[in-house]
Amino acid sequence: MVKAYIHDNKSDCDYRAPHNSGTELSLEELAELGVIYKYCANEEAVDKIAEERQYKNRDVVDIHKGSFRNETEFDEKLAMFYKEHLHEDEEIRYCLEGTGYFDIRDASTPENWVRCLVEPGDLLILPPGIYHRFTLTISNHIKALRLFKDEPKWQAINRSTQADTLPVRRDYITQINRC
Ligand SMILES: CSCCC(=O)/C(O)=C/O
Ligand SMILES: [Fe+2]
């Protein structure tokens, strides 16, 4: 079951530490940010969601030190995922093994990050245009399924004043302001 809470915004320790401020969020509060959580006991349950939402492709990312040629490449990959970004498509991620944090920018309280700890079986659906980032936990490993509507290409748009004006970003803000 996902665990969601406000990030403590401390930068004096590893961003893979929990950074739990103690203020938890419910699944309903996550939904108000446009984030949908589902528990899937197996990949058949994921296949059903993929079919319902007309996803055609997927890939598997297995992120741990051993899956990179050296520590520098590992650190660079983590830094890339940890850059605040959005996608022009919906982002569906399913945790197969290990753990990880998806941090969601709280558009209603822009200084807040909502940290979502995912474990095996947890599936998150992030809407297009939501600013977010990802990191491992201190266990330094996740194996995750990434669903893609069409071609399995990871295209992230890092946060910028230009990205703020993208139609997909404006549509997201309009969507959550209706909640
Ligand atoms: C654990 S999935 C790898 C991270 C990723 O694909 C993404 O877009 C994070 O926001
Ligand atoms: Fe992402």
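This is a short walk through one structure, taking the metal site, the cavity, the pockets and a few single residues in turn.

Thank you all for coming. Before anything else, please keep in mind that what you have in front of you is a predicted model, and that the values I quote have been computed from it.

Let me begin with the metal. The iron ion, which is ligand 2, is coordinated by three histidines and a glutamate, namely His85, His87 and His132, each through NE2, and Glu91 through OE, at 2.1 to 2.2 Å. If you follow these donors along the chain, you will find that they have the spacing H-x1-H-x3-E-x40-H. What arrangement do the 6 donor atoms around the iron ion make? The angles that they subtend run from 73 to 172°, and the arrangement is therefore octahedral. As for the surroundings of the histidines, His85 has a relative accessible area of 2% and is therefore buried, and His87, at 7% relative accessibility, counts as buried too.

Two of these iron ligands, His85 and Glu91, will come up again in the next part, which is about enclosed space. The general idea is that rolling a probe the size of a water molecule over the atoms shows where empty space is left. In this structure there is 1 cavity of 30 Å³ or more, and the volume of the largest cavity is about 120 Å³. Its lining includes His85 and Glu91, together with Val61, Ile63, Phe81, Arg93, Phe102, Phe134, Ile142, Ala144, Arg146 and Trp154. The elements that contribute two or more residues to this lining are strand 4, at 57-63, strand 6, at 91-98, and strand 11, at 142-148. Which of the elements gives the most to the lining of the largest cavity? That is strand 11, with 3 residues. Sorted by class, the lining of the largest cavity comprises 8 nonpolar residues, 1 polar residue and 3 charged residues.

From the enclosed space I turn to the open pockets. The largest pocket holds about 300 Å³ of space. It is lined by 15 residues, and those closest to its centre are Asp89, Phe148, Glu151, Lys153 and Gln155. Strand 6 and strand 11, which you have just met at the cavity, are also the elements that give two or more residues to the lining of this pocket. The class division here is 4 nonpolar, 2 polar and 9 charged residues.

The second largest pocket contains about 190 Å³ of space. Of the 11 residues that line it, Glu29, Glu32, Leu33, Asp106 and Ser108 lie nearest its centre. In this case the elements that give two or more residues are helices, namely helix 1, at 27-32, and helix 5, at 167-177. By class, the lining of the second largest pocket divides into 6 nonpolar, 2 polar and 3 charged residues.

Now to some single residues, starting with the backbone. As a general background, most residues other than glycine have a negative phi. Against that, His19, which is not a glycine, has a positive phi of about 55°, and Asn140, also a residue other than glycine, has a positive phi near 60°. Both are found in loops: His19 sits between strand 1, at 3-7, and strand 2, at 20-25, while Asn140 sits between strand 10, at 132-136, and strand 11. Is His19 buried or exposed? With a relative accessible area of 4%, His19 is buried, and Asn140, at 18% relative accessibility, also counts as buried, because the cut-off for that word is under 20%.

Just along the chain from His19, in strand 2, we find Ser21. At 36% relative accessibility, Ser21 counts as partly exposed. Leaving out residues up to four places away in sequence, Ser21 touches Tyr5, Ile6, His7 and Asp8. Ser21 and Lys10 are 11 residues apart in sequence, and their C-alpha atoms are 9.4 Å apart in space.

Ile6 leads us to the last residue on my list, Asn112, which is placed in the loop between strand 7, at 100-105, and strand 8, at 113-118. Apart from its neighbours within four places in sequence, Asn112 is in contact with Ile6, Ile104, Arg105 and Asp106, and Asp106 is one of the residues that lie nearest the centre of the second largest pocket. At 18% relative accessibility, Asn112 counts as buried.

That is where I will stop, and I am happy to go back to any of these places in the model.

Note on methods:
Residues numbered from 1 in each chain as written. Chains lettered and ligands numbered in written order. Predicted model: local features only at pLDDT ≥ 70, side-chain atom pairs only at ≥ 80, totals over all residues. Heavy atoms only, no water. 1 Å grid on protein atoms, 1.4 Å probe; cavity = no way out; pocket = protein on both sides within 12 Å on 5 of 7 lines; lining within 4 Å. Points joined across faces, edges and corners; volume = space filled by probe spheres on them. Helix = DSSP H or I, 4+ residues; strand = E, 2+ residues; numbered from the N terminus. Nonpolar A, V, L, I, M, F, W, Y, C, P; charged D, E, K, R; others polar. Donors = N, O, S within 2.8 Å, 3.2 Å for Na, K, Ca; no water. Tetrahedral: all angles 85-135°; square planar, octahedral: opposite > 155°, others 65-115°. Buried < 20%, exposed > 50% of the residue type's maximum accessible area, 1.4 Å probe, protein only. Contact = heavy atoms within 4.5 Å.
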